[in-house]
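Good morning, colleagues, and thank you for coming. I should like to walk through one structure, taking its features in turn.

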Amino acid sequence: MTDSLRLGVAGLGTVGGGLVRLLAAHADRLALRTGRRIEITAVSARDPAKDRGLGNALGGARWYADAVEMAADENVDLVVELIGGETVAKAAVEAALSRGKPVVTANKALLAHHGVALAAMAEKAGVALNFEAAVAGGIPVVKALREGLAGNRIEAVYGILNGTSNYILTSMAESGASFEDALAEAQKLGYAEADPSFDVDGVDAAHKLALLASLAFGAKIDFDAVHIEGIRRVSALDIAFARELGFRIKLVGTARSTGEGLDVRVHPVMIAEGSPLSHVDGVFNGVVVHGDFVDRMMFEGRGAGAGPTASAVMADIVDIALGVRLPLFGVPVEALSPARVMPVTARQGACYLRLSVVDRPGVIADIAAILRDEQVSIESLLQRGRAPGEGVPVVIVTHEVQEAAMARAMARIGALASVLEAPTMIRIEQIKRA
Ligand SMILES: NC(=O)C1=CN([C@@H]2O[C@H](COP(=O)(O)OP(=O)(O)OC[C@H]3O[C@@H](n4cnc5c(N)ncnc54)[C@H](O)[C@@H]3O)[C@@H](O)[C@H]2O)C=CC1
Ligand SMILES: N[C@@H](CC=O)C(=O)O
Ligand code: NA
């Protein structure tokens, strides 16, 4: 063994705690692999007195209330940022990079908004800024895109990228849990973001998707141009209808290269039962990549939680211990191209539409007339129950339709007096077997 690699760990919550435990369990194995003793010499978190159940694992690590000060400690060679958010975390990462120290972070929010600027800082300093844990938790998908698939032109990357929302959708479908109970359970298990609206509103998946798109296409992604919808409007009724129609509902992020720009969007989708992502359940994530030479491949694994995330953080630390340094997005910052993110209105595809309508003659004819006017062709229509004068659900599955036409039809249908709630629309996507 030649030397040690001294870590400063900022943030000792779910992921930070997982990292401390992993290092305690595998320090010898990691030393053999890297030829260096990886040790934690400094930590920063809010409450020094809190019992985190880490026993003596932190040994004599120096405690800092301020993560920026910790980054400046001369006994810290590498800063591991596991705080989250874009304020203190950003300052700590910048403090490390500006002192020529490499950084490992799990913070997708930070990188989706400031990744290009931070990558430029890391390049200037000649150090690594690694983020495997930020995308799809334990799945080594950043490494796959940056290294394993480097010989390909990537055509598309898509998948289930948020463990919390997948856990909620699976619990609602499998055990009939309510949205609220399933979310509370995901929080208890350490899967959710500090602000869980990031999970359920699709923002966290979009952060990860933007990073995947930058890696896959060597492009700068304007995060604000990404279409984002979450799972709040997916009801137990939609899940039941989906099952009846042979579909599963998943929150999917898609990034596809087209002749007109990049199609980058996050929203719930209905996918056929038995198709590759349909059985990626619970906290698991699934990522499908299409490369021009490798063809399709799919990665699956736990997308959140202490152990899987710590596993990804440690993989990044090992790379740094071994002297591996690659540009954040696979190519140097100056080679990143500006990308046109296409509006979701450019989509063309089938849709599921659920309406709550007054049960009286002529209502379906009014709806069908609007769909006809807007050139939306119906593949099938289901009406359930009989409740004259009251609301009953009607489900329409369309053939391929222009998204803009669908939006116009929904606005007109929603305005009918006989339609009692805003229509629910879920896009139907075909996901081919890898
Ligand atoms: N929980 C998970 O499964 C995953 C989380 N991540 C990311 O990892 C990061 C950390 O997430 P969690 O561990 O879940 O969060 P957490 O909320 O469990 O832990 C955050 C830690 O940061 C500390 N902290 C807060 N403000 C601080 C400050 N000003 N200075 C120093 N420490 C401060 C807190 O005391 C806490 O120890 C986030 O960026 C998150 O998005 C990424 C992948 C999976
Ligand atoms: N909140 C995130 C954590 C991992 O990135 C998720 O649920 O996927
Ligand atoms: Na990962």
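I begin with a pair of helices. The axes of helix α12, residues 363–373, and helix α13, residues 403–414, come within 9 Å of each other and cross at roughly 155°. The two helices are therefore roughly antiparallel. In handedness, the crossing of α12 past α13 is right-handed. On the α12 side the contact is made by I367, I370 and L371, and on the α13 side by A409, R412 and I413. By class, the residues of this contact are 5 nonpolar and 1 charged, with no polar residue. I should add that what we are viewing is a predicted model.

A second helix pair may be set beside that one. Helix α6, residues 163–175, and helix α7, residues 179–188, have axes that come within 9 Å and cross at roughly 135°. That angle makes α6 oblique to α7. The crossing of α6 and α7 is right-handed. From α6, the residues T164, Y167, I168, S171 and M172 meet F179, A182, L183, E185 and A186 of α7. The residues of this contact divide into 7 nonpolar, 2 polar and 1 charged. On the α6 side, one may recall a general point: an α-helix has 3.6 residues a turn, so residues three or four places apart point the same way.

Let me turn to the ligands. How many residues surround ligand 1? There are 28, and the closest are G11, G13, G84, A106 and A304. Helix α1, residues 14–34, supplies the largest share of this shell, with 3 residues. By class, the shell around ligand 1 holds 14 nonpolar, 11 polar and 3 charged residues.

Around ligand 2 we find G137, N162, G163, T164, Y191, A192, E193, D199, D204, G303 and A304. This shell has 3 nonpolar, 5 polar and 3 charged residues. Two names on that list have been mentioned already. T164 is in the shell of ligand 2 and also belongs to the α6 side of the contact with α7. A304 stands around ligand 2 and is also among the closest residues to ligand 1.

I move next to helix α3, residues 88–98. Its buried residues are A89, K90, A92, V93, A95, A96 and L97. The elements that cover them include β1 (3–10), α2 (67–72), β4 (78–81), β5 (103–105), α4 and β6 (129–130). After α3 comes G100, with a positive phi near 75°.

Helix α4, one of those covering elements, spans residues 108–125 and contains A112. Is A112 buried or exposed? It has 23 C-beta neighbours inside 10 Å and therefore counts as buried. Leaving aside neighbours within four places in sequence, A112 is in contact with H207, A210, L211 and F223. A112 and L209 are 97 residues apart in sequence, and their C-alpha atoms are 8.8 Å apart in space.

In the loop between α4 and β6 lies A128. A128 is buried, because 23 other C-beta atoms lie within 10 Å and 20 or more suffice for that class. Beyond its neighbours within four places in sequence, A128 is in contact with P102, A122, D319, I320 and R325. By contrast with these contacts, the C-alpha atoms of A128 and L189 are separated by 31 Å, with their positions 61 residues apart along the chain.

Finally, I draw attention to two backbone conformations. As a general matter, most residues other than glycine have a negative phi. A136 is not a glycine, and its phi is positive, near 60°. Where does A136 lie? It is in the loop between β6 and α5, the latter being residues 141–148. With 33 C-beta neighbours inside 10 Å, A136 counts as buried.

The other case is D295, again not a glycine, with a positive phi of about 70°. D295 lies in strand β13, residues 295–302. Which class does D295 fall into, buried or exposed? It has 11 C-beta neighbours inside 10 Å and so counts as exposed, the limit for that class being 12 or fewer. Side by side, then, A136 is buried, whereas D295 is exposed.

That concludes the presentation, and I thank you for your attention.

Technical notes:
Residues numbered from 1 in each chain as written. Chains lettered and ligands numbered in written order. Predicted model: local features only at pLDDT ≥ 70, side-chain atom pairs only at ≥ 80, totals over all residues. Near = placed C-beta within 6 Å. Nonpolar A, V, L, I, M, F, W, Y, C, P; charged D, E, K, R; others polar. Axes fitted to C-alpha atoms, helices over the stretch in contact; angles between N-to-C directions. Helix = DSSP H or I, 4+ residues; strand = E, 2+ residues; numbered from the N terminus. Parallel < 35°, antiparallel > 145°, perpendicular 65-115°, else oblique. Left-handed = near helix turned anticlockwise from the far one by under 90°. Contact = placed C-beta atoms within 7 Å.
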